[in-house]
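Q: I would like a close look at one part of this protein, set out in connected steps that a first-year student can follow. Please begin with the cysteines and then move on to what surrounds them.

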Amino acid sequence: MRLPILVACSLALGCASAATAASTAAADPQGTWMVEDKSAQIGIGICGGILWGIVLWERNPGHDTENPDRSLRGRPTLGIPILLGMRPQGPLGPQTLWRGQIYNAQNGSTYDASIKPVSPDVLHLEGCVLGGLFCGGQNWTRVKAPAGSSSAANAPADVCSRVPDLARGTH
C-alpha cells in the first residue's frame with residue numbers, strides 16, 4: 001500500500017497541502033475510500049463518536065515490518081488500522097474536520113492527521129510533522145458498491161468491530 005509512503009514522502013519533502021474545493025452538499029466520511037494513487041481502499045467508520053480507518057484492500061499486499069511494537073511486526077497490512085482516534089473539530093456537519101493520527105506501515109511512524117469531506121464522494125486527508133510545519137495531503141474518492149453488493153456499505157461495521165484493538169492503542 002502506497003498511501004503511507006506518499007504521505008511520508010510529502011512530509012519529508014515539506015510539500016504544501018493540496019488545495020481543496022468547498023462543497024455545500026452533505027458528506028459522510030463513513031464508507032470505503034480509494035486512496036489517491038488507487039493502491040488501497042480504506043474503510044472508515046465512526047465508533048463511539050471517534051473516526052477510525054482500516055485497510056480493506058491493497059493492490060500489492062504488504063507486511064507491517066517497521067511497527068515500533070515488536071509483537072505486531074510482520075503482520076499483513078491488510079486489515080490494520082491506519083486512521084487512529086480522529087475526533088471532530090466542532091459540531092458534526094457536512095464540512096466537519098476530523099483530527100487524529102495516521103499510521104505509516106512503511107516506516108512504523110504515526111503522524112498528526114486530519115480528514116475533511118470535500119464533497120459527498122471526496123475526502124481530503126492531510127498528514128503533518130513538526131507540529132504542522134510540514135504537511136502533505138491527498139484526496140480519496142468514495143468506492144461505490146457494485147449492484148447487489150453491500151461490501152462498501154459495510155465498511156463502518158467492519159471498522160467498528162476492530163475498536164477494541166484500536167482503543168488499546170495498537171496500530
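Is C47 buried or exposed, and which residue forms a disulfide with C47?

A: The model is a predicted one, and the description below should be read in that light. C47 is buried, because its relative accessible area is 9%, and the cut-off for a buried residue is under 20%. Its partner in a disulfide is C160, and the two sulfur atoms lie 2.1 Å apart. C47 belongs to strand 2, which covers residues 40-47, whereas C160 belongs to helix 2, residues 155-160, so the bond ties together parts of the chain that are 113 residues apart in sequence. The torsion about the S-S bond of this pair is about -95°, and the disulfide is therefore left-handed. The accessibility of C160 is 26%, so this residue counts as partly exposed.

The C47 and C160 pair is one of two disulfides in the model. The other joins C128 to C135, with a sulfur-to-sulfur distance of 2.0 Å. The link between C128 and C135 is right-handed, with 110° about the S-S bond. C128 is buried at a relative accessible area of 13%, and C135 is buried at 11%. When the bonded cysteines are counted along the chain, the pairing follows the pattern 1-4, 2-3.

The loop between strand 7 (122-129) and strand 8 (134-142) holds L133. With a relative accessibility of 59%, L133 counts as exposed, because the cut-off for that class is over 50%. L133 forms a nonpolar patch on the surface together with L130 and F134, and the accessible area of the three is about 320 Å². In soluble globular proteins, nonpolar side chains tend to be buried together.

Strand 2, the element that holds C47, also leads to the interior. The largest nonpolar core has 27 residues, and those that touch the most other members are I42, I44, L83, M86, I115 and W140. Strand 2 is among the elements that give two or more residues to this core, along with strand 3 (50-58), strand 4 (81-89), strand 5 (97-104), strand 6 (109-119) and strand 7. Strand 3 gives the most, with five residues.

To draw the part together, C47 is a buried cysteine in strand 2, bonded to C160 in helix 2.

Notes. Residues numbered from 1 in each chain as written. Predicted model: local features only at pLDDT ≥ 70, side-chain atom pairs only at ≥ 80, totals over all residues. Heavy atoms only, no water. Patch = residues over 30% accessible without salt bridge, like charges linked within 9 Å, V, L, I, M, F, W, Y side chains within 5 Å. Areas by Shrake-Rupley, 256 points an atom, 1.4 Å probe, with all protein chains shown as cover. Salt bridge = Lys/Arg side-chain N within 4 Å of Asp/Glu carboxyl O. Helix = DSSP H or I, 4+ residues; strand = E, 2+ residues; numbered from the N terminus. Buried < 20%, exposed > 50% of the residue type's maximum accessible area, 1.4 Å probe, protein only. Disulfide = S-S within 2.5 Å. Core = buried A, V, L, I, M, F, W, Y, C linked by side-chain atoms within 4.5 Å.
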